[in-house]
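Subject: Structure handover

Hello,

Here is the structure for your files. My notes on it follow below.

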Amino acid sequence: MVTEVLALTELKLICSYSLCVFQQYSVFGSILTFGAMIGAITGGPIADFVGRKWTMRIASALCVAGWLAIYFAEGALALDIGRLATGYGMGVFSYVIPIFIAEITPKNLHGALTAVNQLMIVAGVSVSFIIGTVLAWRVLALIGLIPCAVLLFGLFFIPESPRWLAKMGREKEFEATLQKLRGKDTDISEEAVEIQDYIETLQLLPKASILDLFQRRYLSSVIVIFSLYLLLCIQ
């Protein structure tokens, strides 16, 4: 009888421990997506308030901190915090980087460079899956940290978005940045006027809110977009 009770107790402890470990794996796997969702939602207001460069700095710093937390983790909590931080940074990046690319490049290169950005994302994910099969997870965390640190350092040499500068009324910086991006011998007068006209037109439009998406005239477009994203996530 005692043996049966001990065996049953041991079985319950093992099942309880397995369930606990499974729950920790589930949280660790899903918390990155949660952080990315919050980052994508808050990335827009942050980018409009502090600028594209500072937004990327914040996201890079959070990713560096997240990878360091994962590398030095001794328990599930530190791993989850690191995963949440990197997820938030990724969510912010997913918003601000395509915007930044579109705002600093000539019109004829918008599509190509945005596509290159997406290509680099999926290439990086593929490489991480491949090397993850042969490297320890702490080493993989250090490798993940490297691009974030390089970006954080490189942002000191990258100009701010001229369109954001124009939107904030910083005329001299706007023209100097646009000239730097297009080359010192390039005539930027026509493009500068075009950007200014666009900004003025944008400011005259009524501010949209997320509730506008649920208006009847936008309903079909919203359904199509959400369906495509849902199918993409399922894949």
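Glu-171, Glu-175, Asp-197 and Glu-200 form a negative surface patch in this predicted model. Two helices, H7 (171-182) and H8 (189-204), each supply at least two residues of the negative patch. Glu-171 is part of helix H7. With a relative accessibility of 35%, Glu-171 counts as partly exposed, because that class lies between the buried limit of under 20% and the exposed limit of over 50%.

There is also a nonpolar patch on the surface, with an area of about 790 Å². Its members are Leu-109, Leu-113, Val-116, Leu-119, Met-120, Ile-121, Val-122, Val-125 and Phe-129. Of these, Met-120 lies in helix H4, which covers residues 110-132.

On the interior: the largest nonpolar core has 14 residues, and those touching the most other members are Met-56, Val-92, Phe-93 and Val-96. Helix H2 (52-71), helix H3 (76-104) and helix H5 (137-154) are the elements that give two or more residues to this core. The biggest contribution to the core is that of H3, at six residues. As background, nonpolar side chains in soluble globular proteins tend to be buried together.

One last residue is Val-27, found in helix H1 (residues 2-50). Val-27 counts as partly exposed, because its relative accessibility is 37%. Val-27 and Arg-83 are 56 residues apart along the chain, and their C-alpha atoms are separated by 9.7 Å.

Regards

Terms used:
Residues numbered from 1 in each chain as written. Predicted model: local features only at pLDDT ≥ 70, side-chain atom pairs only at ≥ 80, totals over all residues. Heavy atoms only, no water. Patch = residues over 30% accessible without salt bridge, like charges linked within 9 Å, V, L, I, M, F, W, Y side chains within 5 Å. Areas by Shrake-Rupley, 256 points an atom, 1.4 Å probe, with all protein chains shown as cover. Salt bridge = Lys/Arg side-chain N within 4 Å of Asp/Glu carboxyl O. Lys, Arg positive; Asp, Glu negative; His and termini not counted. Charge placed at Lys NZ, Arg CZ, Asp CG, Glu CD. Helix = DSSP H or I, 4+ residues; strand = E, 2+ residues; numbered from the N terminus. Buried < 20%, exposed > 50% of the residue type's maximum accessible area, 1.4 Å probe, protein only. Core = buried A, V, L, I, M, F, W, Y, C linked by side-chain atoms within 4.5 Å.
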